[in-house]
Amino acid sequence: METRSTSLASTITAWIYHIFREREVILRSDSRIRYFTLSTRMQIGVVLVWVMMAGWLGFASVGVYMQDGLLRGKDVAIQRSQDSYRQLLDQVSDYQLSVVAITRDLKETQGQLQRLFDQNEGLRSDLTSTESRLRYTQVERDRINAGRKALNDQFSLLGRELRRMTAKNNGLETHISNLRTHLETLEAEKNEIAAEREKLDGRLWRLNNELAESVAQREHLTDTISQLRSDLRTVMLERSSGASENDSLRSRISSLEARLADIDSEHQRRLQLISDRALNNIHAVEAVLRRTGLDLERIAPMPEGMIMGQGGPFIPYHPELQQDRTETESTESQLELRLSRWEQLRDVYLSVPLIAPMKDYYFTSGFGRRKDPINKRWAMHAGLDLSGPRKQEIMAAAPGKVIRAKREPFYGRIVEIDHGNGITTRYAHMSSIAVKLGQEVGLGEVVGRMGNSGRSTAPHLHYEIRFKDRPLNPRNFLKAGRYVFKKG
């Protein structure tokens with residue numbers, strides 16, 4: 001291994017000596033010829049110097065180029081910092097002075113860098129000139145070395161300055177970062193303050209509205225209180241005047257109540273009188289109808305809830321108002337029932353034949369069992385035979401409707417009238433008929449003339465009264481009629 005290394009070193013040494021073999025340089029000037037011998041060491045030294053210079057120049061150029069890029073980046077960062085500071089100047093006035101100082105420092109740094117650039121340019125030009133002159137003189141090489149040293153010093157100084165600027169820039173960036181953080185904090189606080197201020201503004205706005213409403217309500221209440229005071233004075237005045245009116249009204253009400261009690265008593269008395277008169281009329285009509293032999297319960301049934309058989313002397317009574325009202329209502333209800341009963345009996349009474357169908361008459365045959373005038377056998381006579389002047393007018397004993405008007409074998413010329421309530425009358429053996437079937441006839445209206453038609457032995461009127469087709473004794477009706485005329 002050692003032998004191989006020694007052989008390789010020998011080979012390299014031989015190759016170097018072959019390339020840098022000793023050479024001569026012939027210089028001719030002013031007819032003078034000078035010879036310079038370039039030894040192998042000198043060539044190697046020159047080449048090494050040249051390589052070192054080229055390496056240094058390359059390194060310096062790369063360093064300057066990289067430094068120029070860094071400086072441009074720094075310039076951009078400084079410009080951004082300036083813009084940030086300008087923005088900060090707009091938002092935070094407290095940091096204006098510090099930003100201005102930083103900007104001033106940056107400007108000074110930029111000036112220093114610019115001066116360094118100028119120096120670098122000068123050194124670069126010097127280096128170029130030195131390189132051209134280096135070939136000729138050692139002095140120039142010394143100067144170049146001195147310049148290189150100075151350049152190295154400048155580069156060292158520039159490096160320190162750059163490091164200082166870098167540190168300063170880092171500090172500035174840290175300071176800017178702190179400022180940004182502080183600015184963000186301030187921005188957040190500003191937003192919170194703005195939100196709080198907005199809330200306070202809203203609350204203040206609501207308070208102002210509530211205050212305005214309170215003022216309006218207060219004014220309204222003031223007006224209302226004033227109006228109420230005015231109304232209260234008016235009411236007090238009216239109250240004083242109303243007290244006297246109240247006294248007069250009370251006395252008037254007392255008198256009106258007394259008068260109302262008298263009127264109510266008089267009304268009660270009159271109602272009772274009317275009710276009594278209605279009851280008397282009811283009793284009279286019922287007496288008449290009972291005299292006719294009609295079944296009163298069938299022809300005029302008693303209304304539900306009506307109690308008959310009451311009476312007694314009238315004694316004025318002045319109980320409490322409610323009792324008066326109850327008694328009045330009872331009297332009115334009783335009067336209503338009695339009037340209803342009276343109307344019912346009146347309709348029946350108007351349909352009952354109570355008058356004689358002839359003015360001049362006498363009875364030739366009564367109602368009931370008799371010997372037949374033709375065959376002399378016992379038979380039932382369903383009516384009365386009335387005789388009188390020939391062709392005397394026969395009148396309707398009650399108003400009604402003619403339901404039968406024709407000539408028949410047994411009754412001869414007969415007219416039958418329906419008086420309602422199941423009561424009918426028949427007029428038979430007439431010589432002529434003065435009405436037609438279905439004709440409405442009134443009380444006492446002529447329906448025909450007395451005759452001798454049909455199964456009859458002489459001129460007379462066969463007069464029948466029937467209730468629900470059951471014959472009743474017409475004499476009872478005539479007696480009841482005479483009773484009415486006697487009472488009436």
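**Exercise 1. Which residues does His419 touch, not counting residues up to four places away in sequence?**

Before you start: this is a predicted model, where local features need pLDDT of at least 70, side-chain atom pairs count only at pLDDT 80 or more, and totals for chains, interfaces and linings use all residues. Residues are numbered from 1 along each chain as its sequence is written, and side-chain values use heavy atoms, with hydrogens and water left out.

*Solution.*
- Step 1: Find His419 in strand β9; strands are DSSP runs of E, at least two residues long, and helices are runs of H or I, at least four long, both numbered from the N terminus.
- Step 2: Look for contacts, meaning heavy atoms within 4.5 Å. You should get Ser351, Ala398, Pro399, Gly400, Thr424, Thr425 and Tyr427.
- Step 3: Check the cover. His419 has a relative accessible area of 7%, so it is buried (under 20% is buried, over 50% exposed, partly exposed in between; 1.4 Å probe, protein chains only).

**Exercise 2. Find the polar partners of the His419 side chain.**

*Solution.*
- Step 1: Recall that a polar contact is a pair of N or O atoms within 3.5 Å; within protein, one must be able to donate a hydrogen and the other to accept it, and residues adjacent in sequence count only if both atoms are side-chain atoms.
- Step 2: Try Thr425: its side chain makes a polar contact with that of His419, at 2.7 Å.
- Step 3: Now try Ala398, whose backbone oxygen sits 3.1 Å from a polar side-chain atom of His419.

**Exercise 3. Is Phe410 buried or exposed?**

*Solution.*
- Step 1: Go to the loop between β8 (400–408) and β9 (412–420), where you'll spot Phe410.
- Step 2: Read off its relative accessibility, 60%, so Phe410 counts as exposed.
- Step 3: List what Phe410 touches, skipping residues up to four places away in sequence: His429, Gly454 and Arg455.
- Step 4: Compare sequence and space. Phe410 and Ser453 are 43 residues apart along the chain, and their C-alpha atoms are 8.4 Å apart.

**Exercise 4. Zoom out to the whole chain and find the residues with the most contacts inside the largest nonpolar core.**

*Solution.*
- Step 1: Count the elements: 7 helices and 14 strands.
- Step 2: Of the 488 residues, 28% count as buried.
- Step 3: A nonpolar core is a set of buried Ala, Val, Leu, Ile, Met, Phe, Trp, Tyr and Cys residues joined through side-chain atoms within 4.5 Å. The largest one has 39 residues, and Leu294 and Tyr427 have the most contacts inside it.
- Step 4: Don't miss the second, separate core of 9 residues, which includes Leu71, Leu113, Leu123 and Leu151.
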